[in-house]
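Reader: I am new to reading protein models. Please pick a single strand and take me through it closely.

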Amino acid sequence: MDYFRYREDELFAEDVPLKFLAGRFGTPLYVYSKKTIVRHLRAFKRSFSVLNPLICFAYKANYNRKILEIMKKEGFGADCVSMGELKLAKKIGVPSSKIVFNGNGKTEEEIEMAVGMKIKMFNVDSVEELLTISRIARKRNTRANIAFRVNPEIEVPTHPHIATALKQSKFGIPLEDAFSAYELAKQIPSIAVLGVHFHIGSQITEVGPFLKALRKTSAFVRKLGRRRIPVKFLNIGGGIGVRYHRELPADLDTYAREFAKCLKIPVKIIMEPGRAIIANAAVLLAKVVATKKTRYGNFAVVDAGMNDLVRPSMYGSYHEIEPVKIFEDRKKTKYSVVGPVCESGDIFAKKAALRQVFAGELLAFRSAGAYGYSMSSNYNLRSRPAEVLVDGKNFIEIRKREKTEDLI
Ligand code: LLP
């Protein structure tokens, strides 16, 4: 069920009219539905229970503290990629045994911190990084748990910017070279070799590419076992796609069943979902600032820009645009919906069929919960928006709108 739905002609988030929230908190505004988040978390847990995985939410998709607290309460761990995300996981009280640390450019300072926190595992991007981690762990008289991120070289049907396991990708170690990395790691006393990690990309709506990666990495895990480097964990990353437009993603039960069928080695699975949990749990509300008609078409200029939601301009991605109030008698017109930022790329939709809109009216951009606020910026010295979490009839502001004074 969709918790962002019309009651008569008005769009609601759960039991709260979006118009009311816009009036109260201003626009642009991120509005999250708690019931959607909890439902997605539980669906994920239920579907994948056949694998009994450790599920670490990818903080990069959304790092709002209140939202992450919901995840923690539901038993999710944290997939962190920076000092900031590690500190946040710690502050929220995520147990170290549920924190993994990813990234291809971990600094010494970050490694120091993660070693000190005794996190579950480092997903190590290279042999060079392994040596740094081992040096820091040795200095602290401790051992760091690691999995290498291997690159199983899988073509995935997604935007090239978010395909991460192509031959030429900057991430991980090619599978052919990974064995010698494991042999080296095995010999270092300050390193405990725990697992193998892959992440093939994001917004993948089919099971096939994951199964290919599972088969390749399972074979590799078997090889490690034969050569006396047994590993207990296989971290399969994130990447499960969602519906933004006309995609028909496989359902979670299908992913889980197929994964379980494919997996024939005795390992504990770690997963790092981001988008699948949070993308469809929020809208970005914007107000029409102006409309304009030229000989080439109609424009609706809104008060949200690419600095607030960069996905359309960065990946050409689709976010359904819905009017917050429907006027049945207005005819559908083609609009390019654009932001106010001084870039031609600041476009949310080209020639979208919308009912006529006028300045002052509200539009909602759907599926804005993942990589929305977390990728926002201050470009054009624009303050970043506020965020609100709705729960039934209740709502709380979970992040204040930035003030210009904070920035200057
Ligand atoms: N694990 C690793 C190592 C990752 O690099 C990522 C995402 C995830 C997990 C979570 O992936 P998800 O389940 O959310 O697909 N900004 C882009 C997406 C970039 C994804 C980066 N890595 C977008 O807005 O589509």
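Author: What follows is a close look at strand β19, with the whole protein as background. Keep in mind that this is a predicted model.

Start with the background. The protein has twelve helices and 21 strands. Its radius of gyration is 23 Å, and the globule rule gives 22 Å for 408 residues, so the protein is as compact as a globular protein of that length. The C-alpha atoms fill a box of roughly 70 × 45 × 40 Å along the principal axes. Of the 408 residues, 58% count as buried. Contacts often link distant parts of the chain: among those with a separation of 6 or more, 71% are between residues 24 or more positions apart.

Now to the strand. Strand β19 covers residues 362-365. Its side chains point two ways. L362 and A364 point one way. L363 and F365 point the other way. All four are buried, which here is a matter of under 20% relative accessible area.

Next, the partners. Strand β14, residues 282-294, is joined to β19 by four bridges. The two run antiparallel. Within this pairing, A286 stands opposite L363.

Strand β16, residues 321-323, also pairs with β19. That pairing is antiparallel too, over three bridges. Here E322 has A364 as its bridge partner in β19.

Put the pieces together. β19 has antiparallel pairings with β14 and with β16. L363 faces A286 across one pairing, and A364 is the partner of E322 in the other. Both L363 and A364 are buried, and they point opposite ways from the strand.

Methods:
Residues are numbered from 1 along each chain as its sequence is written. This is a predicted model: local features need pLDDT of at least 70, side-chain atom pairs count only at pLDDT 80 or more; totals for chains, interfaces and linings use all residues. Side-chain values use heavy atoms; hydrogens and water are left out. The radius of gyration is taken over C-alpha atoms; the globule rule is 2.2 Å times the number of residues to the power 0.38. Buried means under 20% relative accessible area, exposed over 50%, partly exposed in between (1.4 Å probe, protein chains only). Contact means heavy atoms within 4.5 Å. Two strands pair if DSSP finds at least two bridges between them.
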